[in-house]
Amino acid sequence: PGTATKSMHWHSPTRLLEIGWLNIRNTSHQPHVLVVQRVDPDTTAAMVRAFIKSGSHHKPSWQRHSTVSSGVFSPGTKTQLHLRLPRGKYLLLCYWPSKKTGMPHYTMGMWKLVHLRRHL
């Protein structure tokens with residue numbers, strides 16, 4: 001399965017394998033970093049939006065310890081990220097700052113909730 005970036009969005013399936021390679025393609029005009037952050041199973045998009053809107057710099061109550069991240073990947077490039085994480089719900093997000101505002105891309109909508117499963 002692959003993940004692509006375009007503007008401030010992740011284009012990926014909502015289910016990914018817990019162990020295996022994830023191909024990432026940056027189709028936007030800005031660098032990105034893919035963070036795969038484990039969250040509570042009951043975490044909703046509304047909870048993520050509320051946290052972002054709050055402007056808090058504290059760890060959200062629904063965030064868990066398992067995480068993996070890519071290095072920075074430039075516009076027009078591809079990279080791979082090896083996943084070896086426990087099954088569960090994860091938040092894909094980009095912490096890279098916007099060239100225009102300096103705000104992390106996830107605050108502008110570059111995040112997505114996904115499930116890591118043993119089998120798709």
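**Exercise 1. Find out how strand S8 fits among its neighbours.**

*Solution.* Start with strand S5 (residues 35-39): five bridges join S5 to S8, and the two run antiparallel. Keep in mind that you're looking at a predicted model.

Step 1. Pick out one pair on this side. Arg 38 has Tyr 90 in S8 as its bridge partner.

Step 2. Now look at strand S9 (111-117). S9 pairs with S8 in the antiparallel sense too, over six bridges. Here, Leu 92 has Lys 112 in S9 as its bridge partner.

Step 3. Ask how hidden S8 is. Five of its six residues are buried, so S8 is largely enclosed by the rest of the structure.

**Exercise 2. Work out which residues of helix H1 (45-54) are buried, and how they are arranged around the helix.**

*Solution.* Step 1. List the buried residues of H1: Val 48, Phe 51 and Ile 52.

Step 2. Look down the helix axis. The buried residues fall within an arc of 95°, so they line one face of H1. Here's a handy rule: an α-helix has 3.6 residues a turn, so residues three or four places apart point the same way.

Step 3. Check the other side. The face turned away from the buried one carries the exposed residues Arg 49 and Lys 53.

Step 4. See what the buried residues pack against: S8, which you met in Exercise 1, and S9.

Step 5. Follow the chain just past the helix. Gly 55 takes a positive phi there, about 75°.

**Exercise 3. Describe the largest pocket and say what lines it.**

*Solution.* Step 1. Take the volume: about 170 Å³ of space lies in this pocket.

Step 2. Look at the lining, which has 13 residues; the closest to the pocket centre are Phe 51, Pro 60, Gln 63, Leu 93 and Tyr 95. You've already seen Phe 51 among the buried residues of H1.

Step 3. Trace the lining back to helices and strands. H1 and S8 (88-93) each supply at least two residues, and the largest share, three residues, comes from H1.

Step 4. Sort the lining by class: 10 nonpolar, three polar and no charged residues.

**Exercise 4. Is Asp 40 buried or exposed, and what does it touch?**

*Solution.* Step 1. Locate Asp 40: it's in the loop between S5 and H1.

Step 2. Compare its relative accessible area, 18%, with the cut-off for buried, under 20%. Asp 40 is buried.

Step 3. Leave out residues up to four places away in sequence, and Asp 40 touches Ser 61, Trp 62, Arg 64 and Lys 89.

Notes. Residues numbered from 1 in each chain as written. Predicted model: local features only at pLDDT ≥ 70, side-chain atom pairs only at ≥ 80, totals over all residues. Heavy atoms only, no water. 1 Å grid on protein atoms, 1.4 Å probe; cavity = no way out; pocket = protein on both sides within 12 Å on 5 of 7 lines; lining within 4 Å. Points joined across faces, edges and corners; volume = space filled by probe spheres on them. Helix = DSSP H or I, 4+ residues; strand = E, 2+ residues; numbered from the N terminus. Nonpolar A, V, L, I, M, F, W, Y, C, P; charged D, E, K, R; others polar. Buried < 20%, exposed > 50% of the residue type's maximum accessible area, 1.4 Å probe, protein only. Arc of directions from axis to C-beta. Contact = heavy atoms within 4.5 Å. Pairing = 2+ DSSP bridges.
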